[in-house]
Amino acid sequence: MRIRKKKWARPELAACPFYIGEPEKAAGTWKTYFEKEQPLHLDLGCGKCTFLAKLAHREPAVNFIGVDISQDILGVAKRNIEAEFGEEPVENVALLAFNIEKLDALFAPNEKAARIYVNFCNPWQKAGDHKRRLTHTRQLETYKKILAPGGELWFKTDNMDLYLATQRYLQEAGFTILCKTDDLHSENAPDNIESEHEVMFTAQGIKTKAIIARLD
């Protein structure tokens with residue numbers, strides 16, 4: 001689903017203290033970018049950041065990087081984060097527009113993430129497009145370059161085919177699946193934060209599938 005072009009997004013992002021306008025220069029700078037040096041989590045395909053805004057506000061002892069390819073959607077994300085934090089300064093979030101397929105270019109070899117979130121990514125259902133999935137084995141190999149040993153991938157989707165295929169991709173890439181469910185909302189998951197798409201699909205009666213996996 002494409003977002004309409006927003007003329008205000010780029011000027012607002014340019015003036016936003018937690019937006020990184022030249023992400024290709026970010027590698028090697030993450031330990032000093034944030035106000036505090038603390039665990040790093042990534043939200044890939046962060047979209048409008050309804051999920052990330054709540055998560056970052058709830059967990060101030062974690063630094064978060066939200067990545068999406070669209071500056072228009074990141075303009076909305078910036079506003080959502082500011083609304084969630086209110087009068088509080090946003091010190092543990094960085095937003096950037098970047099191609100997730102080249103994610104490892106954003107990190108120096110000694111910079112590692114403790115967790116990656118992938119929520120409701122495009123399922124790319126045509127067989128010829130499967131390699132474009134954010135949880136495909138090829139993409140997981142990229143994540144392995146930036147995940148710390150024992151780092152985790154947290155995944156949610158509405159699509160059963162992607163849910164089942166992702167289990168296979170994770171095993172192929174050497175991840176251990178810690179837990180999985182084809183109906184997250186039926187589980188005891190009080191800490192779950194619903195993303196924009198999660199709310200939408202739940203209202204349509206579509207169950208949320210979820211996986212947590214660890215890089216051994």
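**Close-up 1. Surroundings of helix H6 in the predicted model**. The buried residues of helix H6 pack against helix H5 (137–146) and against three strands, namely E5 (147–157), E6 (175–181) and E7 (209–215). These buried positions of H6 are Leu162, Tyr163, Ala165, Thr166, Gln167, Tyr169 and Leu170. The helix itself, spanning residues 160–172, has 13 residues and reaches 19 Å from its first C-alpha to its last, which is close to the 18 Å expected at 1.5 Å a residue.

**Close-up 2. The two ends of helix H6**. At the N-terminal end, Asn159 acts as the cap of H6, with a side-chain oxygen placed 3.1 Å from the backbone nitrogen of Asp161. Just after the helix, Gly174 takes a positive phi of about 90 degrees.

**Close-up 3. Thr166 within helix H6**. Thr166 has a relative accessible area of 1% and therefore counts as buried, the cut-off being under 20%. A polar atom of the Thr166 side chain lies 2.7 Å from the backbone oxygen of Leu162, and Leu162 is likewise listed among the buried residues of H6. When residues up to four places away in sequence are not counted, Thr166 touches Thr135, Phe155 and Ile211.

**Close-up 4. Positive phi values in the loop between strand E4 and helix H5**. Phe120 is placed in the loop between strand E4 (113–119) and H5, and its phi is near 55 degrees, a positive value in a residue other than glycine. Trp124, which lies in the loop between E4 and H5, also has a positive phi, of about 40 degrees, although it is not a glycine. As to accessibility, Phe120 is buried, with a relative accessible area of 9%, whereas Trp124, at 24% relative accessibility, counts as partly exposed.

**Close-up 5. Packing of helix H3 with helix H4**. Helix H3 (residues 50–58) and helix H4 (residues 71–85) pack at an angle of about 35 degrees, and their axes are 9 Å apart. The crossing of these two helices is right-handed. On the H3 side, the contact is made by Thr50, Ala53, Lys54, Ala56 and His57, while H4 contributes Asn80, Ile81, Glu84 and Phe85. Sorted by class, the contact of H3 with H4 has four nonpolar, three polar and two charged residues.

Notes:
Residues numbered from 1 in each chain as written. Predicted model: local features only at pLDDT ≥ 70, side-chain atom pairs only at ≥ 80, totals over all residues. Heavy atoms only, no water. Axes fitted to C-alpha atoms, helices over the stretch in contact; angles between N-to-C directions. Helix = DSSP H or I, 4+ residues; strand = E, 2+ residues; numbered from the N terminus. Left-handed = near helix turned anticlockwise from the far one by under 90°. Contact = heavy atoms within 4.5 Å. Nonpolar A, V, L, I, M, F, W, Y, C, P; charged D, E, K, R; others polar. Expected span 1.5 Å × (residues − 1). Buried < 20%, exposed > 50% of the residue type's maximum accessible area, 1.4 Å probe, protein only. Polar contact = N/O pair within 3.5 Å; in protein donor to acceptor, adjacent residues only side chain to side chain.
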